[in-house]
There are 2 protein chains.
Amino acid sequence: MERESYPPFNTGKSFDILSQFAERANKLKQSEIRNLFSVANRPDIISLAGGMPNLENLDFKKIDSLISEIILSEGNTALQYGGGQGLPLLREQITEIMALEGIKSHSEDIILTTGSQQALDLTARLFINPGDVILVESPSYVGALGTFMQYQPEIIHLPTDEDGIIPELLEESLIANIKAGKKTKFLYLVPNFQNPSSATLTLARRVAIIELAKKYSFFILEDNPYGLLYFETPPPPALRSLNEEHVIYLGTFSKTFAPGLRVGWALVPHSLREKFIIATENSNLSLSNLNQMVISAYLSETPYQEQIRKFAIKYAEKSALAISALKKYSPSEVKYTTPKGGFYLWLTLPPSIDANKLLPLAIINKVAYVPGTAFYANKNGNHNLRLSFCYPKPEQITRGVQILGELLSAEVALKNKN
Amino acid sequence: MERESYPPFNTGKSFDILSQFAERANKLKQSEIRNLFSVANRPDIISLAGGMPNLENLDFKKIDSLISEIILSEGNTALQYGGGQGLPLLREQITEIMALEGIKSHSEDIILTTGSQQALDLTARLFINPGDVILVESPSYVGALGTFMQYQPEIIHLPTDEDGIIPELLEESLIANIKAGKKTKFLYLVPNFQNPSSATLTLARRVAIIELAKKYSFFILEDNPYGLLYFETPPPPALRSLNEEHVIYLGTFSKTFAPGLRVGWALVPHSLREKFIIATENSNLSLSNLNQMVISAYLSETPYQEQIRKFAIKYAEKSALAISALKKYSPSEVKYTTPKGGFYLWLTLPPSIDANKLLPLAIINKVAYVPGTAFYANKNGNHNLRLSFCYPKPEQITRGVQILGELLSAEVALKNKN
């Protein structure tokens, strides 16, 4: 039978649906991440911008055979709705992965999420009242800042050095917030090979920060995508391995296996488990069973730890190339971090050079990076930029850093002349 | 090298992380959906509870070959991060699917989401200030109510009959809200084969509701998972086909293909596109490229419209079985709807029988349903229940409805005796 037809319709007076926005919608800012993807996708640009892992070394034939087995023998489960918390077997396997970083955990306290991004969103949603203080590193991960801001906190960037957050200055901030009548909800940290600075928090500082969490009754949101991707020396044990009560720990398969499956997790204090499950169901009902089953099979049936070491060695080589090109081509006025793991280099330019203003010129010269302002909720970061060495090919890294180094040299020379 | 070791750690004074919750966390209620999954998974129970599609008729070999092709020839893309809005090709294909229900759209205004559940969450997040009024049907979809409640609106259930929302009573509510100084943000509707009532909104009412949206400046959140799953006659055209400005339209592949891929979409007024993309990136960065590519290939390379008709015919047969068993076994005091599409039957029990109180007895007798209270944000629905005929086998439907009918007959007899 035919669908019932309808008369011509006059849409009448105009309606501005934007006028209906909630207050929090005004806190959503244009994502710098998305801009990066569109630039990174242009084939003529050497992108040192996006934090995409390099998947070239994955065994696609093996992955294909794992998926075939799942679809043909368990297709009815793989393509059906799953439970909100995630597959029990995969959660068990994740306890073993976390044990590699010293964490003792129970699979009942793990909630699987759409990458760790969803876990950031769930944590922010559950804990941030408008006006609450959230403490973050200087600089901090752009994706976390955007997600937090939706819920209208006050974001305070804490001073850091090459060893991460400085506990004494953290305590000063905590005291100042108490005096100002502000509630500090949590401290957000990427303690290992931080995005974007590549800093790793020392063990002594981890211990000191947990003592402060206990003294001042806040919790730590420990986001650890890169911990297993160390170049030579493993980072200190996870904060979660030192304390269970004050830490929500986030992990992901996006950097150690494949981001396209969109599977990460939160390990939460047991008392939070129920609320996290409800919140994740409200967000998406359940994760993709298929994707969870692919990861579970990958963990069971391939030497994934060896694969992670192979990835890390590749990244170490790429990092060394980038450092070597910076040494050769960037002016002495430009400072940069020396990564010991992860994906990123953080550059500090002289005060006369603004990384945002330089970006169009860089793109004209066929190289892209992320300006430092993306990693601050305030107006800082103008004289910083992030370089990612994870995705580009080795020759692109050398060439891209050379172009950027020469641009920076020219800018420095120009400023000195004026 | 070995990971640095750490001293024994005293966790010191106790910390109640629950004390850190934001106000909205207190609005998260235990999900009835999750309880259903755990009951439905017990093999000895005939579950008429969950709204899971029946996947038996899918061609798993074909799906496997589509996935193999993707992994082996485009694995680097499929397993990599994607863009926040979703794959352009799939968005184009979705415009064609929506055209089947009379909708003219541009792929630029489509945002792909983790099922339509994520689109519900994004809409609620962008639009609900605490205290705003959200209008919903009586009863309304449980998953939407839970998601809305996180953002602290006042949810008002509007009277409905077998043809859905009654425009005159909608207008009364709008006027009453204005008089009470309340802001009505949006009206949430499942216009076709509603979950849980199976009601379908008539064309005349669709037109009248859009006129009211224009007159009173609110928008309609049109959630349409079941529109293509009509048994004989297509439902009236989508509200979105009648008006672009006042409608956010949600679709999903969960009922017409496979929920395990977790892909749905929102078609939004053009002015909202940017904010929706930012909000979805804040939620999960991007959807799974692999899952999007699987759906895109399925749409390109299989006769999916024929497959949807085959699904619908199976569901029609199952609905007829359930109705026939209700006629035979349920007491005359119990009323029920007659579905013309979708997955659900809605029962109205006599006032003496409480569907929540009956449920443990039903489960002891090996049959499960969803009590009506799940579909109300207020205390209503005690004398209703939802039966799903989508997932169980035909003989289970007949047997399950028989058990339930006999239980209800016994309850009615008992109450009459007292």
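Q: When do two residues count as being in contact here?
A: The test uses C-beta atoms placed from the backbone. Two residues are in contact if those atoms lie within 7 Å.

Q: How many residues does each chain bring to the contact?
A: This is a predicted model, in which local features need pLDDT of at least 70 and side-chain atom pairs count only at pLDDT 80 or more, while totals for chains, interfaces and linings use all residues. Residues are numbered from 1 along each chain as its sequence is written, and chains are lettered from A and ligands numbered from 1 in the order in which they are written. The contact draws on 92 residues from chain A and 92 residues from chain B.

Q: Which helix gives the most to the side of chain A that touches chain B?
A: Helices are DSSP runs of H or I with at least four residues, strands are E runs of at least two, and both are numbered from the N terminus. Several helices of chain A supply at least two residues each to that side, among them α2 (60–78) and α7 (203–216). With ten residues, the top contributor is α2(A).

Q: How are α6(A) and α7(A) oriented to each other?
A: Lines fitted to C-alpha atoms over the stretch in contact serve as axes, and angles run from 0 to 180 degrees between N-to-C directions. Helix α6 (residues 167–179) of chain A packs with α7(A) at about 15°, their axes 10 Å apart. Angles under 35 degrees count as roughly parallel, so α6(A) and α7(A) are roughly parallel.

Q: In β12(A), which residue is the bridge partner of Lys335(A)?
A: Two strands pair if DSSP finds at least two bridges between them. β11(A) and β12 (residues 344–348) of chain A pair in the antiparallel sense over two bridges. In β12(A), the partner of Lys335(A) is Thr348(A).

Note on methods
Parallel < 35°, antiparallel > 145°, perpendicular 65-115°, else oblique.
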